[in-house]
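This briefing is meant for a reader who is meeting the structure for the first time. It follows side-chain contacts, topic by topic, and begins directly after the display.

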Amino acid sequence: MLSVLIPVAALFLIILIPLPKIGGEVRLGLLTAAFLAFLFGGVAPGAALLAAIDGIDRIAWVIGLSIFGSIYAQSQVSLGTMDTVLNTFRALFGRSPKGLIAAVLLTLVLAGSLLGDAIAAVTVIGVLVVLSLAELGLSPEETSVIILLGGILGSIMPPITQAFFLAAGLVGTPVDPVVNTGYVTVSLGVIVGLFTVWRYVRIKELPAELIPDRTAGRILAQEWLRLLPLAVLAGIVVLRSGFKVELLKVLDPLLPFAGVPIAKALTNRIIQAIIVATLVAFTFRRVRRDAGTIFRKGLAAVSKTVQIQLCAGVMIGAFYASGMIDQVVAFTKGLTPAALKLGGGAAMLLLGMLTGSQTTAQNTLVPFLGPILTQNLGVAPAKAALGAAHLAMAGQSMPPVCLTTFVVVGIVGGILAKKVDPVRVMLMALPVTLYFALTGLAAWFQLF
């Protein structure tokens, strides 16, 4: 087992310990683990190259989702889609203090779902709502936790949900069953989030300046064109997942590389839907005018994420080619199912907490845990992926380390010119964090 333990120990050492120059460098940790796996597994250079390509190919569609999803997100910012969504939700719900908070949270959830990333959601929407929330008499920490929960819930909410897509890719299972169940579990998480933040409301009536001056119908009548790309994306996804109508199969003759490693990611229906919605956005002059900025900001926003994903792909390929996965699966056959599930869940939470990243937690542990759960313990692949995604998301927001929290408190503190305690914000978000952790374990124990 030393051939397994040494690469994993090196990975954790580099990621978690503040070593000079290399401490916390996820990319270096992943590549180091891959190199050691190849070395101890006796994999020849030529075979190692093929294994690296195979590993990247396993998650190529996740990488494609990050790239095209980020470009799509920037096109929506340019078009003003999220401004329209926020104003519509405020007109529908925002005539009372709790209603305004619900409007903000739901807008963040929708933004996170469409942008596929919590930090992107809180950055785009957070700056628009900080002052309004502060006028309700909320403390900077209370304002921060509303924005934080909206972003985190949105980042795992389908249809564009990197957590579910990554988990399904690492486990090696179709993503549709995972996403379909995710609509229910994450929607329940949104309800938990609403009850968590509503308790901070202390006033009974909104200040006059916060009451919307337009009805939702009037806003939609005036700005409905901004929602056209969003409607196209939602329509494709709903028809596919809810009615089994596959509109995008007409593209298949135009993409004759379904068997080409890595490039075949473009045959993924979710990626295709995002590309189609982005093309619809580019029919608007204001979006075409900002084309250079959209592509530049979109690619810059996911540059490091894509680099990490590429390195993770190399590591995954190394783990399979060297026989590490088979060794771990064989080793765990003597352990009880409950111990494996609880121990694996604790490891997911711990790594997500220490790194502040659900992506790192999944890329590091799911290559091992996925085969153990599905082959040794008989967990359905969809449930294995579902549980991994929920646990990784719970770890990401668990104190004392949550990268999204630090981004949020920076935005809120900067706008309000006040100091915001990030650890307190994480503790306030704990009900939602615990909900995701328990839901993840319930999926692994196949309780639903």
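In this predicted model, the charged end of Lys-383 sits over the ring of Phe-448, at 5.6 Å from the ring centre. A further contact of this kind places the charged end of Lys-341 over the ring of Phe-445, where the distance to the centre is 4.8 Å. Contacts between aromatic rings and contacts between opposite charges are taken up in the points below.

**Aromatic pairs**

- A search of the whole structure finds 5 aromatic pairs, and among them is the pair of Phe-282 and Phe-295, whose ring centres are 5.8 Å apart and whose planes meet at 35 degrees, so the pair is tilted.
- Because Phe-282 lies in the loop between helix 13 (269-281) and helix 14 (285-289), while Phe-295 belongs to helix 15 (residues 291-301), the pair ties together parts that are 13 residues apart in sequence.
- Phe-282 counts as buried, at 16% relative accessibility, whereas Phe-295 is partly exposed, with a relative accessible area of 37%.
- The rings of Tyr-435 and Phe-436 have their centres 5.5 Å apart and their planes at 75 degrees, and the pair is therefore edge-to-face.
- Tyr-435 is buried at 16% relative accessibility, and Phe-436 is buried as well, at 2%.

**A salt bridge between distant parts of the chain**

- The search of the whole structure also finds 9 salt bridges, including one between Arg-424 and Glu-141, in which the closest N and O atoms are 3.6 Å apart.
- This pair links distant parts of the chain, since Arg-424 lies in helix 22 (residues 422-428) and Glu-141 in helix 8 (residues 140-156), 283 residues apart.
- Arg-424 is partly exposed, with a relative accessible area of 41%, while Glu-141 counts as buried at 9% relative accessibility.

**Further salt bridges and a network**

- Arg-214 forms a salt bridge with Glu-223, the closest N and O atoms being 3.2 Å apart, and a network of salt bridges links these two residues with Arg-226.
- Both partners of that bridge are buried, Arg-214 at 18% relative accessibility and Glu-223 at 14%.
- In another salt bridge, the side chains of Asp-252 and Arg-269 meet at 3.0 Å, N to O.
- Asp-252 lies in the loop between helix 12 (228-243) and helix 13, and Arg-269 lies in helix 13, so the pair ties together parts that are 17 residues apart in sequence.
- Asp-252 counts as partly exposed, at 36% relative accessibility, whereas Arg-269 is buried, with a relative accessible area of 15%.

Methods: Residues are numbered from 1 along each chain as its sequence is written. This is a predicted model: local features need pLDDT of at least 70, side-chain atom pairs count only at pLDDT 80 or more; totals for chains, interfaces and linings use all residues. Side-chain values use heavy atoms; hydrogens and water are left out. Rings of Phe, Tyr and Trp (its six-membered ring) pair if their centres lie within 6.5 Å; planes under 30 degrees apart count as stacked, over 60 as edge-to-face and the rest as tilted. Helices (H or I, at least four residues) and strands (E, at least two) are DSSP runs, numbered from the N terminus. Buried means under 20% relative accessible area, exposed over 50%, partly exposed in between (1.4 Å probe, protein chains only). A charge sits over a ring if NZ of Lys or CZ of Arg is within 6 Å of the ring centre and within 35 degrees of the ring normal. A salt bridge is a side-chain nitrogen of Lys or Arg within 4 Å of a carboxyl oxygen of Asp or Glu.
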